[in-house]
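Here are some short exercises to try with the model open beside you. Work each one yourself, then read the solution.

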Protein chains: 4
Amino acid sequence: MNGIHEECGVFGVYGNNAGIAAQLTYYGLYALQHRGQEACGIVVNDDGVFASYKDIGLVNDVFSPERLEKLGKGTASVGHVRYGTTGNNDRANAQPIVVNHIKGSMALAHNGNLVNSFELRSELELQGSIFHTTSDTEVISYIITKERITSPSIEEAVNKAMNEIKGAYSLVIMSPSKLIAARDENGFRPLCFGKTDDGTYIVASETCALDAVGAEFIRDIKPGEIVVFDKNGVRSITDHCGKVKPSMCVFEYIYFARPDSVIDGCSVHTARTRAGAFLALEHPVQADVVIGVPDSGLDAAVGYSKQSGIPYEIGFIKNKYIGRTFIAPGQKSRENKVKIKLNPISDVVKGKRVVLIDDSIVRGTTSARIVKLLRDAGATEIHMRVSAPPFLNPCYYGTDIDSKENLIACKHSVEETAKIIGADSLGYLSVESAKKLAHGDEGTGYCTACFDGKYPGGIPQETRKNRFEKKISEK
Amino acid sequence: MNGIHEECGVFGVYGNNAGIAAQLTYYGLYALQHRGQEACGIVVNDDGVFASYKDIGLVNDVFSPERLEKLGKGTASVGHVRYGTTGNNDRANAQPIVVNHIKGSMALAHNGNLVNSFELRSELELQGSIFHTTSDTEVISYIITKERITSPSIEEAVNKAMNEIKGAYSLVIMSPSKLIAARDENGFRPLCFGKTDDGTYIVASETCALDAVGAEFIRDIKPGEIVVFDKNGVRSITDHCGKVKPSMCVFEYIYFARPDSVIDGCSVHTARTRAGAFLALEHPVQADVVIGVPDSGLDAAVGYSKQSGIPYEIGFIKNKYIGRTFIAPGQKSRENKVKIKLNPISDVVKGKRVVLIDDSIVRGTTSARIVKLLRDAGATEIHMRVSAPPFLNPCYYGTDIDSKENLIACKHSVEETAKIIGADSLGYLSVESAKKLAHGDEGTGYCTACFDGKYPGGIPQETRKNRFEKKISEK
Amino acid sequence: MNGIHEECGVFGVYGNNAGIAAQLTYYGLYALQHRGQEACGIVVNDDGVFASYKDIGLVNDVFSPERLEKLGKGTASVGHVRYGTTGNNDRANAQPIVVNHIKGSMALAHNGNLVNSFELRSELELQGSIFHTTSDTEVISYIITKERITSPSIEEAVNKAMNEIKGAYSLVIMSPSKLIAARDENGFRPLCFGKTDDGTYIVASETCALDAVGAEFIRDIKPGEIVVFDKNGVRSITDHCGKVKPSMCVFEYIYFARPDSVIDGCSVHTARTRAGAFLALEHPVQADVVIGVPDSGLDAAVGYSKQSGIPYEIGFIKNKYIGRTFIAPGQKSRENKVKIKLNPISDVVKGKRVVLIDDSIVRGTTSARIVKLLRDAGATEIHMRVSAPPFLNPCYYGTDIDSKENLIACKHSVEETAKIIGADSLGYLSVESAKKLAHGDEGTGYCTACFDGKYPGGIPQETRKNRFEKKISEK
Amino acid sequence: MNGIHEECGVFGVYGNNAGIAAQLTYYGLYALQHRGQEACGIVVNDDGVFASYKDIGLVNDVFSPERLEKLGKGTASVGHVRYGTTGNNDRANAQPIVVNHIKGSMALAHNGNLVNSFELRSELELQGSIFHTTSDTEVISYIITKERITSPSIEEAVNKAMNEIKGAYSLVIMSPSKLIAARDENGFRPLCFGKTDDGTYIVASETCALDAVGAEFIRDIKPGEIVVFDKNGVRSITDHCGKVKPSMCVFEYIYFARPDSVIDGCSVHTARTRAGAFLALEHPVQADVVIGVPDSGLDAAVGYSKQSGIPYEIGFIKNKYIGRTFIAPGQKSRENKVKIKLNPISDVVKGKRVVLIDDSIVRGTTSARIVKLLRDAGATEIHMRVSAPPFLNPCYYGTDIDSKENLIACKHSVEETAKIIGADSLGYLSVESAKKLAHGDEGTGYCTACFDGKYPGGIPQETRKNRFEKKISEK
């Protein structure tokens with residue numbers, strides 16, 4: 001899917017007596033790479049001394065064996081993967097950020113977006129604060145640091161800071177002697193922790209990262225909760241819990257998270273097959289075969305097939321070698337012909353009525369291309385089913401959605417869209433079903449603002465209009 | 001699958017008036033990357049002047065935009081992707097090779113292995129020939145060049161050379177004014193050609209590479225056939241056709257080729273689903289779910305599911321970001337725990353009786369690890385089904401199979417193997433069924449030497465024993 | 001010379017209507033590369049928007065054509081080259097630093113060392129300030145930013161900040177609309193400005209960087225002076241001028257600066273030839289030939305030759321291809337034999353009494369090796385003359401001198417040193433003469449603390465003892 | 001100097017029991033880097049097994065520690081540095097070349113140019129030989145290989161091959177058990193050997209490379225001599241010695257060789273100071289100071305100063321950090337102003353009458369720029385003296401001289417040239433003096449063809465005219 005991007009994945013290690021905290025974080029970030037592919041970083045704590053490295057690029061590119069080795073031994077660490085726009089400042093905006101303050105050093109990794117960072121920043125600048133980056137994360141660092149002056153502990157400073165910062169944040173914070181995980185009151189972004197059998201605590205955005213380092217999942221961090229890992233073990237601060245109704249991003253289930261992760265008690269894969277089943281019920285059709293767009297449409301395709309009884313098949317082969325420096329064909333006229341990235345299997349679709357499952361339609365151009373591939377391969381009918389509702393609104397909680405100008409659902413009805421992309425029929429998942437993906441009728445505590453415009457965490461005062469329009473003007 | 005490697009993919013372009021032969025080859029090699037990931041190269045023909053570049057690495061790494069640009073315009077070209085052992089000589093052994101001889105320049109790309117290259121080389125050296133590489137390809141170049149002295153044309157030289165070279169070869173040869181495709185009499189390796197709608201001829205190891213450049217498939221090159229592309233169009237030389245019974249490598253269907261390719265009239269995906277169906281018939285079992293090991297076991301899993309009626313599911317998530325420089329966990333003890341590359345989806349297998357489909361078992365260590373992952377994820381029974389017969393013999397026709405010492409099937413019965421890998425039951429595809437994958441009972445013209453030891457193309461006289469044993473000693 | 005390092009070079013551009021400020025800075029930094037070879041950076045101002053790039057490495061390595069291109073057009077810019085110890089934080093410590101504050105953005109490049117940065121930093125931290133780096137430069141940024149809140153202009157903020165910061169600093173500061181150059185009251189480090197014939201103002205550590213961009217030298221920035229470049233032209237603020245007696249680092253003449261630079265009215269080359277002449281007067285000797293150690297001993301060798309009448313000759317060839325990744329011979333025993341970096345010309349020294357001129361002796365090991373090379377090449381007598389006095393004290397004003405433990409002059413008399421390095425005689429320049437290098441008897445306003453321990457700018461209170469000893473323990 | 005390029009440097013090691021032949025070659029090539037900066041390579045012999053690596057780039061760039069390590073241990077080795085035109089085939093043309101032939105492997109490094117390679121190559125191609133490169137070196141390999149079939153030893157094959165190959169060649173050849181050094185009958189290019197104190201034999205183009213590995217110089221290889229290093233020690237074959245009068249390239253003394261080398265008994269530095277002295281006698285002038293263009297004009301400047309009594313001075317500072325990726329200023333108009341690479345020292349030349357010494361004038365553009373720099377710096381008179389005669393003819397023996405169209409001396413008289421470059425007077429070294437540089441009146445055995453058109457080794461029949469004109473048309 002193009003046009004929608006998660007902004008971050010976070011990871012933390014505490015109490016690794018073997019001293020391989022950096023290595024564990026490396027593997028954890030690999031497992032979280034899908035949450036951010038632009039930049040990554042690791043900060044290691046070796047008895048209070050922090051060593052860090054971060055740069056633009058995939059984990060694989062940024063951390064060579066030598067580079068990882070140089071981070072040295074450590075019992076605790078924090079890691080981050082990031083999605084971000086390209087530009088000169090990018091490397092500066094990479095995380096975790098490390099700051100030195102009155103009580104020592106602090107490393108901080110953040111997934112989410114504040115809605116009041118502009119106000120907080122202005123206030124800090126009025127007091128003479130200087131900023132090296134344009135990220136919310138630096139603002140959070142300042143707020144915590146200011147509170148730290150008068151707080152007896154770092155966790156108390158975080159607790160106080162949470163009164164000030166508004167919006168979406170899943171944080172992993174490392175002090176010289178502690179690791180702290182904190183999640184905003186709405187719980188927009190996932191965050192969980194586990195433990196390896198040698199007693200090392202692991203904090204991660206998703207459980208797949210716990211699996212990657214062989215850690216047993218313990219539980220999700222609750223919305224509003226602060227979990228402190230220190231030499232006395234694990235401790236929870238719940239002052240901010242239960243203040244508001246939780247509203248986790250439903251798109252974590254639909255698209256962002258890895259299918260092998262379990263979030264708030266529900267398997268992502270299972271949520272997606274359920275999306276497929278809902279689609280089969282909401283938009284039934286007579287057809288010969290169900291196929292999914294790899295990789296993100298496959299789970300829902302299996303669900304649609306099971307619910308409908310129409311056989312599941314493998315419809316496309318995705319070229320897995322296309323890397324960062326792939327040279328795209330230049331000539332416009334050629335673009336439709338080339339099947340470099342995705343090639344249909346003719347034998348599967350030729351002469352068949354095909355149900356095609358994808359996880360979303362943003363601008364519609366990619367969908368149109370895929371439908372054409374199938375048509376050229378001999379499919380007689382193509383019924384597109386989308387395992388998400390139509391995108392109609394911007395997200396202020398850490399997802400980068402294309403501008404309204406570009407969202408096809410903002411400009412066209414479902415029927416028009418079907419025509420534009422060349423499908424014989426088109427059906428989206430309903431917002432009601434989307435809310436039931438994880439926990440059926442119980443599961444109403446989700447944010448579906450991008451679909452229905454109801455923002456459970458408020459919206460930025462100053463910048464709301466500007467941000468959205470600026471994005472448009474940049475195209 | 002570890003331990004089995006294809007050695008090459010070839011690609012050729014002729015008659016591209018737009019002058020973008022290099023670009024077309026670049027896309028073609030991307031589509032053939034699965035056939036060789038160690039090295040690659042492109043030679044471009046601009047009005048008789050050849051420009052070439054080749055190096056160790058994936059297409060994506062070797063060809064930057066600048067590098068591709070430097071190859072310049074050209075109406076014809078030859079490309080190659082290669083699997084090879086690492087070592088100092090690797091770059092020298094990359095293909096295509098370009099040689100200058102009495103009648104001009106010649107570029108040559110080769111997929112396969114000669115069985116008499118040692119004899120041919122010795123003879124040439126006795127006449128004072130010098131060799132820059134250790135590859136068969138240089139031997140073929142010499143033989144063609146020698147014949148060229150007394151032949152009226154390059155194709156006639158190739159035709160004569162085919163009397164001398166024995167074994168497996170799918171060749172693409174470029175002279176200043178022609179492109180020639182040739183396939184050995186047994187047709188061990190695939191080779192086909194097609195045409196784009198601007199009249200450019202494309203030769204490729206597999207049809208997926210034709211798709212990648214938007215070319216219409218015309219037909220496979222026949223075993224023993226030489227196809228000549230020049231200013232007069234396409235011409236076929238069939239002197240070597242029909243001399244022996246064709247015997248294409250059956251493992252092309254089972255593992256090497258891409259599922260979206262069609263070889264000798266049969267879809268690779270369909271052949272694989274058929275393998276799954278045969279497995280269901282030969283080794284039925286009561287179970288709750290069928291899953292495949294990604295990516296190569298998925299097609300057969302769909303086939304097994306359809307034949308058996310047991311539901312297909314997505315059982316594993318493969319980390320698609322693991323690159324070349326991934327740092328493997330050092331400690332032996334950790335290795336089993338980490339699920340970095342492949343993570344099972346617990347919800348799918350927990351409490352279930354699982355049919356697990358993979359395309360082969362070589363040493364058994366990978367299978368044992370995968371079975372354990374499922375067991376840890378809660379599968380109650382694991383029935384492994386392999387969509388290929390057991391490997392028992394070396395290949396002399398272009399496949400690099402692990403040594404006998406390492407092949408688990410050479411040392412253990414099926415029951416023992418099941419025990420070793422931890423499966424509740426194990427079933428291999430029968431050799432008889434393997435021969436029927438592509439064309440049912442008609443399809444008996446296949447090489448299955450690695451399974452049954454019957455070598456349709458002869459074996460190397462001198463080096464047979466040595467080569468095989470040397471490989472062992474190297475481990 | 002090993003063991004003594006300058007820490008920085010600074011460069012600034014203002015009012016370049018052609019928009020090539022980045023390019024000019026690139027050339028300027030090339031000319032200043034000798035002042036810092038560990039890291040470099042450029043910040044460009046395009047109508048108030050800053051683009052920046054900095055990294056570890058030489059100018060040549062950090063700025064590729066693409067990288068420079070990406071900085072875009074700009075009418076003003078700031079650049080920096082830096083010497084620094086290697087380590088994880090290095091890239092973070094690269095300059096110029098760019099900060100965002102209440103009144104906009106500010107870029108800052110700094111050459112020198114504060115003596116009260118510890119105190120200033122502690123105070124700032126108490127107010128909740130956070131630090132991303134360990135450099136003095138960030139402290140200076142904070143001080144200026146704090147003053148900026150209540151100041152009508154950036155130059156006024158700088159003027160006030162100069163009341164607080166103590167020690168050595170030559171600064172180039174860029175605001176969205178101005179460029180500011182400031183030099184500490186003692187004028188420890190050089191700083192000058194000039195103008196190109198298209199009216200662009202250039203600020204630089206040395207005049208050689210003005211030459212590199214074709215700028216005409218206007219004048220040195222005076223100790224304590226602030227020079228402001230803005231749309232109204234050039235303006236000088238002299239509130240801090242004349243408060244203390246100037247004391248420029250005499251080692252700028254002896255070693256740091258490039259011979260083709262002119263500092264405070266005196267040619268560096270001429271100062272060095274004068275050093276050679278003083279040596280000839282202070283330590284005359286009967287000899288056949290005078291040679292210098294390339295490159296830094298050559299100027300003084302010419303001066304010694306002229307004063308003494310003993311012929312000047314080229315005694316060594318230095319290998320100019322030795323790069324960063326040169327692999328040093330591993331075996332201790334070989335080290336003396338290899339003449340890879342420096343090879344004597346036998347014909348010049350064989351059978352001769354040689355006067356050997358170098359600019360300094362730090363540990364003595366390099367000198368010993370050079371003397372041995374000459375002895376092996378057949379020199380009958382070797383009289384070493386050093387164009388600087390012996391190093392006896394640490395520098396707190398921006399020079400990184402080896403620790404006392406390592407300084408041979410702290411442990412041995414001149415006679416002992418001669419013996420240790422294997423010279424027949426040894427003579428250092430007197431401190432008195434050092435003070436006369438630039439302006440004869442007039443020129444007494446120099447800092448010679450490293451030779452005589454008289455610190456004209458004070459010393460750090462807290463850290464003095466610690467810093468010096470830490471350095472020792474690190475070895 | 002632009003426009004004149006040496007083509008190669010060669011290096012060999014034999015009998016290094018410590019197994020560090022690769023390392024020694026690495027240091028040797030560093031010392032020979034000035035002879036070829038485009039490509040380099042090393043082949044190591046470990047008990048008959050050759051490991052090799054070569055690539056485009058400086059020794060420093062091509063050989064990382066890992067790369068050198070991978071070459072492994074070896075008792076013998078061959079190395080090469082190369083100058084060559086850029087292009088796609090460049091890497092293929094890098095040396096040493098390694099070939100496999102009837103009697104095993106052979107590695108070959110070559111400095112020079114054959115005059116009959118076209119004829120030899122045509123003949124070989126008629127016999128079916130194929131060529132991978134366009135270099136003379138591959139031709140030589142073939143000739144030796146062909147002779148090897150009927151020769152009892154590799155040295156005998158080389159001896160016979162020398163009857164066939166004509167022109168300039170200094171060769172280092174490595175067989176599995178021997179190292180062979182051979183020099184053409186005219187001795188156009190230098191070649192010498194020495195021995196380290198652990199008994200390792202070293203062959204090198206120049207003595208500076210012996211110094212670099214701590215080897216004692218033994219003697220030059222004689223023109224026409226073959227020296228064999230094997231387990232029986234050192235053996236000389238002199239069948240080709242004394243057939244023709246030796247004619248070493250005089251430009252080796254004037255420009256190519258390093259000043260610290262000794263060739264055929266004469267120090268290069270001394271030959272150059274002698275050139276300066278001859279210039280002083282042939283073209284005396286009243287002046288205040290003598291300066292040389294760094295680095296190649298410095299030795300002659302010292303010689304001119306001594307002979308004339310006019311004081312020597314350091315006139316320019318050369319920026320030693322300008323690397324391969326330096327971005328040249330784009331605007332034509334700026335080019336003259338920038339003094340990035342070479343900056344005059346004003347104090348030295350202002351108000352002075354200057355004698356300016358350079359080693360050659362090719363096109364005159366560089367000289368004009370340098371003269372202008374001095375004029376701008378305040379020199380009142382500039383008298384240019386060139387320590388070589390004017391270039392008037394192409395070289396067929398391994399030097400790449402600019403085409404006649406570009407040589408200023410082919411188109412203009414000395415007076416005109418002086419005017420063009422802006423000098424007050426101009427004087428070249430006479431051809432007669434050039435012949436006396438090394439050994440006074442004895443030394444008449446030199447090739448001065450580029451100055452006087454007398455070709456002691458013959459000229460290529462077919463290609464002479466073409467090669468020269470092609471070069472012109474390429475511009």
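Two exercises follow, one on a helix and one on a pair of chains.

This is a predicted model, in which local features need pLDDT of at least 70, side-chain atom pairs count only at pLDDT 80 or more, and totals for chains, interfaces and linings use all residues. Residues are numbered from 1 along each chain as its sequence is written, while chains are lettered from A and ligands numbered from 1 in the order in which they are written.

**Exercise 1.** Find how far helix α1 of chain D reaches, and how many of its residues are buried.

*Solution.*
- Step 1: Helices are DSSP runs (H or I, at least four residues), numbered from the N terminus. Helix α1 of chain D covers residues 21–32, twelve residues.
- Step 2: From first C-alpha to last, α1(D) reaches 16 Å, close to the expected 16 Å (1.5 Å times one less than the number of residues).
- Step 3: Count a residue as buried if 20 or more other C-beta atoms, placed from the backbone, lie within 10 Å of its own. Twelve of the twelve residues of α1(D) are buried, including D:Tyr26, D:Tyr27 and D:Tyr30.

**Exercise 2.** Work out how chain D meets chain B and how the two copies are related.

*Solution.*
- Step 1: Contact requires C-beta atoms, placed from the backbone, within 7 Å. On that basis, 21 residues of chain D touch 21 residues of chain B.
- Step 2: On chain D's side, α6(D) gives the most, with five residues.
- Step 3: Superpose chain D on chain B by least squares on C-alpha atoms with pLDDT of at least 70 in both. A rotation of 180° with 0.0 Å of shift along its axis does this, at RMSD 0.0 Å. The copies are therefore related as by a two-fold rotation axis.
- Step 4: Of chain D's residues, D:Ser129 comes closest to that axis, at 3.3 Å (C-alpha).

Note on methods: Helix = DSSP H or I, 4+ residues; strand = E, 2+ residues; numbered from the N terminus.
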